[in-house]
Amino acid sequence: MRGILLGMVVGIMVGAGFVLWQDKNNNWKQEAKNMVNTQLIPRGITDSAVIKAMLNTPRHLFVPQNIRHLAYGDHPLPIGYGQTISQPYIVALMTQLLELQGNEKVLEIGTGSGYQAAILAQLVDSVYTIEIVKPLCEQARRRLDSMGYKNVIVVCGDGYKGLPQYAPFDRIIVTAAPPNVPEALLEQLKPGGIMVIPVGTTFQKLVRILKKDDSTYVYEDIIPVRFVPMVPGGEE
Ligand code: SAH
C-alpha cells in the first residue's frame, strides 16, 4: 500500500515538474525580458538594436535540452566538448562595442552554440563564423539553418587564420581567448573597422581595437574576462 502511495506521489511530482517546465518553455519571451531588465540594462547596455536582438532570440534553443531551464540565467553554460555559451551580458557588451550600423560584414571566431552569430545576424548584413570543433560547427550550422538565419555562413576550421578569401571585414569578434591578438585577424580587418577580442591566458582582458589605417591601431582595455582558450589549429 505504502509503495503504491509513494509511486503515486512520485508520479504526480514528475508530472507537475513537466507541466511547470513546459510552461517555462513557452514563456521564454518573458525570461528574455527579465534577462534584459535585470542583467543588461543595469550594467550599461543601451544600444536599442542589441537589446531588441537579445529579446527576440530564443537562447534556450542554443543550449543542451537538459539545461534549457537555465538558459536565461546570469552565467555562461556548458555546450559540450568542454566549451561554453557566453553569459548574456558578455554577448550584449561585445555586440554593443562593435558599434554596428546595419550594413557590416562581420567575422566571428568561435561559433560554439551559434547564439552570438544569431544575435549578429539580426544586426548586420552578413556574418561569417568559424568553429574549430567539428561536431559543434556542424550542429551550429544545422541549428542556424533550421531557425532561418540566412545571412550566416558557418565555416569549420581554424580561426587563427581568419578567412582571407572573404576579407576584409568591417568588424571582427573573437569569443575564445588567444594569448595575443592574431596577426591574420588584424590584417583582415578593414581600415576604419573594429575588433573586439579577449586576450590573455590566466588573466584575460576584453580589448577593443580600432584600425585607423594599415599601420595604426588604437587599443582600448574594456574589462577583465574569462573565456575558453583559443586553441591552435595546427596544419590541415
Ligand atoms: N560564441 C559562442 C561561444 C563560444 S565558446 C556562442 O555564442 O555560443 C568559444 C568557441 O571557440 C568554442 O566553441 C571553441 O571550440 C572555439 N574555438 C577555440 N579555438 C578556436 C579556433 N582556433 N578557431 C575557431 N574556433 C575556436
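Exposed, as used here, means a relative accessible area over 50%, while buried means under 20%. With those words settled, let us walk through this predicted model, starting with one of its helices.

**Helix H3 and its two sides**

Helix H3 spans residues 48-56, and its buried residues are Val50, Ile51, Ala53 and Met54. These four residues lie on the same side of H3, because they cover an arc of only 160° around the axis. The general geometry is a familiar one: with 3.6 residues a turn in an α-helix, residues three or four places apart point the same way.

Turn to the opposite face of H3, away from the buried side, and you will meet the exposed residues Ser48 and Lys52. The cover over the buried residues of H3 includes three other helices: H2 (28-40), H4 (88-97) and H5 (115-121). At the N-terminal end, H3 is capped by Asp47, which places a side-chain oxygen 3.0 Å from the backbone nitrogen of Ala49.

**The ligand and its surroundings**

Next comes the ligand, which has 27 residues around it. Gly110, Ser113, Glu131, Gly159 and Val231 are the closest of these. Some polar contacts with the ligand are set out below.

| Residue | Protein atom | Ligand atom | Distance |
|---|---|---|---|
| Ser113 | polar side-chain atom | oxygen | 2.6 Å |
| Gln116 | backbone N or O atom | oxygen | 3.0 Å |
| Glu131 | polar side-chain atom | oxygen | 2.6 Å |

How much of the ligand does the protein bury? On its own the ligand exposes 580 Å², and the protein buries 99% of that area.

**Gly162 in its loop**

Gly162 sits in the loop that runs between strand E5 (152-156) and strand E6 (169-174). Is Gly162 buried or exposed? Its relative accessible area is 7%, so Gly162 counts as buried, the cut-off being under 20%.

Which residues does Gly162 touch, once neighbours within four places in sequence are left aside? Its contacts are Leu107, Ile130, Leu185 and Gln188. Of these, Gln188 is 26 residues away from Gly162 in sequence, yet their C-alpha atoms are 7.4 Å apart in space.

**A hairpin of two strands**

Our last stop is a pair of strands. Strand E8 (residues 204-213) pairs with strand E9 (residues 216-225) in the antiparallel sense, over 8 bridges. The connection from E8 to E9 is a hairpin through 2 residues. Asp213 stands opposite Thr216 of E9.

Terms used: Residues numbered from 1 in each chain as written. Predicted model: local features only at pLDDT ≥ 70, side-chain atom pairs only at ≥ 80, totals over all residues. Heavy atoms only, no water. Buried < 20%, exposed > 50% of the residue type's maximum accessible area, 1.4 Å probe, protein only. Arc of directions from axis to C-beta. Contact = heavy atoms within 4.5 Å. Polar contact = N/O pair within 3.5 Å; in protein donor to acceptor, adjacent residues only side chain to side chain. Pairing = 2+ DSSP bridges. Near = heavy atom within 4 Å. Areas by Shrake-Rupley, 256 points an atom, 1.4 Å probe, with all protein chains shown as cover.
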